[in-house]
Amino acid sequence: MQSLLRKKIEYQVPAYSSQTSLRFRQAEGILSLSQSNAIAVGFLNVLSSSNYHEILRVKSYASLADNWDSYGAEQVSSTAIENAVAFIKRIDQYDIQVYLTSPGPNGEVMVQLKNDAREIEFVFYPSKAKYVLFNAAGFFKQGVYADVMLDDLINWLLSNE
Amino acid sequence: MNKGDAIRPDEFLLRRVFRVDRRFIDLKTGRPTSRAFAPRPKDNGSLSVDLKILTTPIKAIIDIERFRLFEFMAHSAYSLGLECKYDPLDDNVAHTLITGFDPEDESVPGILARISKEVLLR
């Protein structure tokens, strides 16, 4: 299972491959957008453009005040935002693009991954995280999320069986 | 129908979904995200919906610039172990509550989001 992440690291090492140079081009573009985004500097050679922008989107949830959905939603937790951002950085190391993120009414942040009919929702609350799996038949499985599960969950997401 | 009465399984329920900045909408499919169907803290673990037969889409959506409208059958909620109870308000006779959410069960909002269909107003 851990080979998934290792493969990614080995893949990035060879310089000047077309994929690597593409990533550098994306990173240069990010850098030129705003020098105030320290994250762009810190992850210059790592984050894909798509995941980088999803992180910016998640960080923007910090500006949502109480009742931001006019239905009584709570302010999004800064801890939930931090955990979701850290998770997206980790996901990026698998060369997977986050499908979408969504703020939640209870202060949570949801990060969704998708591969055809398979979807995983990771829900980050201030003090815990959960995952929910969906496939073509609908709901499949759920549980409390811990980082050690990520390889298995990614394997499930990418599997066609 | 009286307050607290159970909704018939074959009735349709309407849920407004906040659309500003598309925070609750999947831009690629137009589908609502699971967070749009997660109960709010102020609602004590229940989800506010409208009973379709007692309202109209235009009335239920309130503000077409700020919301989109999705529907699903009460049967779907019952099949998830939830209850649907009529809960009229002074300004909304169609108001209904879905109760019985288990805070530890994260699957239900995602299931409701995936089975709901958008009610098109145009």
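**Exercise 1.** What pLDDT does chain A average, and what share of the residues score at least 70?

*Solution.* Begin by recalling that this is a predicted model, and then turn to the confidence values. Chain A averages a pLDDT of 80, and 71% of the residues score at least 70. Next, look along the chain for a weaker stretch: over residues 6–44 of chain A the pLDDT is below 50, although this stretch still has 21 contacts in the model beyond near neighbours in sequence. Where pLDDT is low, the predicted coordinates should not be read in detail.

**Exercise 2.** Describe how strand β4 of chain A pairs with strands β3 and β5 of chain A.

*Solution.* Take β3(A), residues 118–124, as the starting point; this strand runs antiparallel to β4(A), residues 129–135, and six bridges join the two. One of the partnerships to find in the structure is that of A:E121 with A:V132 in β4(A). The connection from β3(A) to β4(A) is a hairpin of four residues. Now move on to β5(A), residues 138–144, which pairs with β4(A) over six bridges, again in the antiparallel sense. Here A:N135 has A:G138 in β5(A) as its bridge partner, and the hairpin that joins β4(A) to β5(A) passes through two residues.

**Exercise 3.** Work out which residues make up the side of chain B that touches chain A.

*Solution.* Count both sides to begin with: chain B gives 17 residues to the contact and chain A gives 21 residues. Within the side from chain B, helix α3(B), residues 107–115, supplies the largest share, with four residues. Finally, sort the residues on this side of chain B by character, which yields five nonpolar, four polar and eight charged.

Definitions and conventions: Residues are numbered from 1 along each chain as its sequence is written. Chains are lettered from A and ligands numbered from 1 in the order in which they are written. This is a predicted model: local features need pLDDT of at least 70, side-chain atom pairs count only at pLDDT 80 or more; totals for chains, interfaces and linings use all residues. Two strands pair if DSSP finds at least two bridges between them. pLDDT is the predictor's confidence in each residue, from 0 to 100. Two residues are in contact if their C-beta atoms, placed from the backbone, lie within 7 Å. Ala, Val, Leu, Ile, Met, Phe, Trp, Tyr, Cys and Pro count as nonpolar, Asp, Glu, Lys and Arg as charged, and the others, Gly among them, as polar.
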